[in-house]
Amino acid sequence: MSDAPPQPPAGGWEPRDPTVQEPGGADAAPAPAEGRTPGRPDRPGTPPGREARSGRRAPRSGTGPEPGHGTPPGEGPAPGRAPDPAPDTGQAPGPGPAGHPTGRRAPGTGPGSGTGTGTGTGTGTGTGTGSGPGPTGPDRPREPKGRKRRRRTGWRRALPTWRMLLGGLLLLVLLLGGGFLAGYHLIEIPPPNAAATAQANVYLYADGSPLAQGGQVNRESVPLERVPRPFRQAVLAAEDRDFHTEPGVDPGALLRASWNTLTGKGTQGGSTITQQYVKNYYLGQERTITRKVKEFFIAIKLDRATSKDEILEGYLNTSYYGRNAYGAQAAAQAYFGKDVQDLDTAEGAYLASLLNAPSAYDVGARPANRPRAAARWNYVLDAMVQEGWLSRPDRDALEFPAVLPSHPTAGLAGQRGYAVQAVNTFLARHGVLTEKALAAGGYRITTTLRKDRVDAFAEAVKAQVLDRLDPQNNPTDQYVRVGGASIEPSTGKVVALYGGVDYTRQYVNNATRRDYQVGSTFKPFVLAAAVAQGAATQRGERITPNTVYDGTNKRPVQGWTGAAYAPANEDDASYGGIPLHTATDRSVNAVYAQLAVDVGPEKVRRTAIALGLPADTPDLTASPSIALGPATASVLDMAEAYATLANHGKRGLYSLVEKVERIDPAGDRELPLPAAGSGARQAVSRAAADTTTAVLRGVVEGGTGTAARAVGRPAAGKTGTAEDDKAAWFAGYTPDLATVVALMGQDPKTGAQKPLYGAMGLARVNGGGAPAEVWAHYTGTALDGTPARDFDLELPKGSEIKKKDERETEEGTEEETGERTEEAGAEDATGATAGDRPHPAEGPQAPQGPQAPPGTPAPARPATDTLVIE
């Protein structure tokens, strides 16, 4: 059957009047527009005008007429009318009269549209069907209805298609790749966090034994070389066996930890040692996805920029082992009491076990942890065998190590805190380390303190003071505080301090505080100044220990241009004419006030500073009262000054520190430090110092400090009592040791200074009592086993002390009265004054300055005189 279009009849198509309706009325096919290809005759049996309904809607044709084709008149659609849609009969269309199938596409190119009947062919852009063959174009069969795509309904609409899944996967890969590149370039290796770099300051006694640790973190970083290889291998066996061969991160562990965080299950182990080191050293311990992401990228960069040994060293120094121990060195001390380099394989494996869960494996804190700890310890050793780091025979020979019992960190309890405080003050004052540097930690400080002497001082205070206190029944006993300091005169080293009963109970350091009057312990400085300056009395007589002064109570000083000053003696005792050395024995205030004026108060002040008192000592004022000791120097300050006298007037640097090292894994670095005794100079002449020592020996041998004779060797010293008995002092020395002890009264609740009347069951507490007893007890113990040495004194001519028969007179009086007060010139039971007051048969020695005749009452004390100091 041919698809060739039919030929027009002879003479062409007959024109048709568009106003004339064809049979079929409104259902007739609209006439094609001019230029349409002629259609085929109607199919037999098909009603006129219904041909277009026998097939499916014709597809839209081409865009223009083909050459050689036209449209018969009357076959296009009526103007303004759309073609009728073809009915859907559900059956395939039958063939036309000429044998062509219906529904053939009419590839017309004209602008019109319509339905062709018979041999007509639509050429418009609309749709139409013809019952005969189309004039041109290939056949296109109708698409079967069964292949039409069905729309998804119901729950299937919620499922993604494979195209969506593939697109989403590609998008995820792109996002992850972009995020990785962005994170790698944006996240830099940060500086170490403050907690990771903070270390404890390690304080040592002079012999290298531990004294204390100060700082917020108990850590002492050590170089990797100091860590034994078996310990390092045990850590790797427990935490990361592939550390030396694997990259710095474990993506699987990161995803696992992130998932656990999101689901509320906590983090899970599996991070590499590099990641753990990054967490410890650069980040923190917070459990967040942000921290994990940072840890991931920093670990990658760190692994590329740093050697494995450096990472392992940092990990060992920053890891937590329990018992407040950070780092391998602190852990070795906490669990085994030894340095890390001394650990054996069994001990190293135990410390490696602790990294997983310190509290769960600490057998010292909880013995019940032993089975669990032993299992973990065996696991670590077996892993070392598997890795070839430990042989099976050696492993089988190992036994579970003996772990020290857990106890509260010693910290700064007892005397340790006082020592640390004094050492830090010394370092800051001498410009070695700032307070900020000390707070940051990381220093190993070897002190000059000797443990045996620190312990001896504490024992002496306990025996002579603390054991005699009963604060429950005697309220005054709760006010008692004790401070002490001891120095080697020949070296300038501070060998012992006593700051109080316990640093955690009494925070203020009684050895270094500067708020209690030193009392008559200041008087030797006035005597030393007089000899050093070659001072003379008001009459022009050179002052020596034998110079006689007027010891009348409340006697106004002579030669002072300032306000009138007439100090009272202890217990208002009067002595008349009295040699200077005896006035020292009995601590006569009237004599020493006049002596200060004769020397010059400013010269006295400068001498005290030269001997060892700080220039900024409170109340160190150049006035006559300076001799009575209103200055509030510390116990340590006074010990330095007395050590200068013991060292024949030569003063160097008095030091608390032997050596300072900066703890550094790369190697400890020693800091420059002024050595003890460095810069030694003659503070006062040897003649002045030795003369003072000779006079102070009399205080111990027969004056107010006789309790110090219990030391059993030559000694010199001076007692002192603050105003209102708020403090009692004894400052003394042997050729080998200078020590000062003070008892102070302080309200534990308000901090106010309190008198010590009634303390320890005594009516009064003075320097010749408990302070001198503590001094003798401590000094005897500290020097036990060393030969007793006498003072090597060089006294100027005329300074030899002339005792005459005064000693016998004093002893006779003491036997008669049966008791002796601290001030030997106090009145006895009969009302007579004991001591150096001349007897009528002897006649008075020539007093210095004007003296009241016998029987004349002492002058009234000026209203401005309120200071009553021994």
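Helices and strands are runs assigned by DSSP, with at least four residues for a helix and at least two for a strand, and they are numbered from the N terminus. With that naming in hand, the place of Glu-488 is easy to give: this residue belongs to the loop between strand β6 (480-487) and strand β7 (494-498). The model discussed here is a predicted one. Glu-488 has a relative accessible area of 16%, and because buried means under 20%, this residue counts as buried. Apart from its neighbours within four places in sequence, Glu-488 touches Arg-450, Arg-453, Lys-493, Val-495, Asp-736 and Leu-737. One of these partners, Asp-736, is 248 residues away from Glu-488 in sequence, yet the two C-alpha atoms are 6.1 Å apart in space.

It helps to set this loop against the chain as a whole. The chain contains 23 helices and 16 strands. Of its 870 residues, 50% count as buried. Among contacts between residues at least 6 apart in sequence, 74% join residues at least 24 apart.

Helix α16 (residues 523-533) gives a good view of a covered element, since nine of its eleven residues are buried. The buried residues of α16 are Lys-523, Pro-524, Phe-525, Val-526, Leu-527, Ala-528, Ala-529, Ala-530 and Val-531. What do the buried residues of α16 pack against? Their partners are the helices α17 (580-585), α18 (589-599), α19 (601-611), α20 (635-646) and α21 (686-702), together with strand β14 (716-721). After α16 comes Gly-534, which has a positive phi near 60°.

A pair of helices can be looked at in a similar way. Helix α3 (residues 229-239) and helix α11 (residues 370-386) have axes that come within 8 Å and cross at roughly 105°. Angles of 65 to 115 degrees count as roughly perpendicular, and α3 and α11 are therefore roughly perpendicular to each other. On the α3 side, the contact is made by Pro-230, Gln-233, Ala-234, Ala-237, Ala-238 and Glu-239, and these meet Arg-376, Tyr-379, Val-380, Ala-383 and Met-384 of α11. Sorted by character, the residues of this contact comprise eight nonpolar, one polar and two charged.

Helix α11 also leads into the aromatic side chains, of which the structure holds 14 pairs. In one of them, the ring centres of Trp-377 and Phe-400 are 5.4 Å apart and the planes stand at 75°, so the pair is edge-to-face. Trp-377 is part of helix α11, while Phe-400 sits in the loop between α12 (392-397) and α13 (416-429), so this pair ties together parts that are 23 residues apart in sequence. Are these two residues buried or exposed? Trp-377 is buried, at 4% relative accessibility, and Phe-400 is buried as well, with a relative accessible area of 16%. Both residues also belong to one aromatic cluster, formed by Tyr-335, Phe-336, Tyr-350, Trp-377 and Phe-400.

Another aromatic pair, that of Phe-457 and Tyr-778, is stacked, with 4.4 Å from centre to centre and 20° between the planes. Phe-457 lies in helix α15 (residues 451-464) and Tyr-778 in helix α22 (residues 770-782), so the pair ties together parts that are 321 residues apart in sequence. Phe-457 is buried at 0% relative accessibility, and Tyr-778 is buried with a relative accessible area of 0%.

Aromatic rings also meet charged side chains in this model. The charged end of Lys-308 sits over the ring of Phe-243, at 4.7 Å from the ring centre. In addition, Arg-662 lies over the face of Tyr-443, with a distance of 4.8 Å to the ring centre.

Finally, the backbone deserves a look. Most residues other than glycine have a negative phi. Which loop holds Asp-571? Asp-571 is in the loop between β8 (548-550) and β9 (577-579), and its phi is positive, about 60°, although this residue is not a glycine. Asp-724 likewise has a positive phi, near 60°, and is a residue other than glycine. Its place is the loop between β14 and β15 (727-733). With a relative accessible area of 39%, Asp-724 is partly exposed.

Technical notes:
Residues numbered from 1 in each chain as written. Predicted model: local features only at pLDDT ≥ 70, side-chain atom pairs only at ≥ 80, totals over all residues. Heavy atoms only, no water. Axes fitted to C-alpha atoms, helices over the stretch in contact; angles between N-to-C directions. Parallel < 35°, antiparallel > 145°, perpendicular 65-115°, else oblique. Contact = heavy atoms within 4.5 Å. Nonpolar A, V, L, I, M, F, W, Y, C, P; charged D, E, K, R; others polar. Phe/Tyr/Trp six-rings, centres within 6.5 Å; stacked < 30°, edge-to-face > 60°. Buried < 20%, exposed > 50% of the residue type's maximum accessible area, 1.4 Å probe, protein only. Lys NZ or Arg CZ within 6 Å of the ring centre and 35° of its normal.
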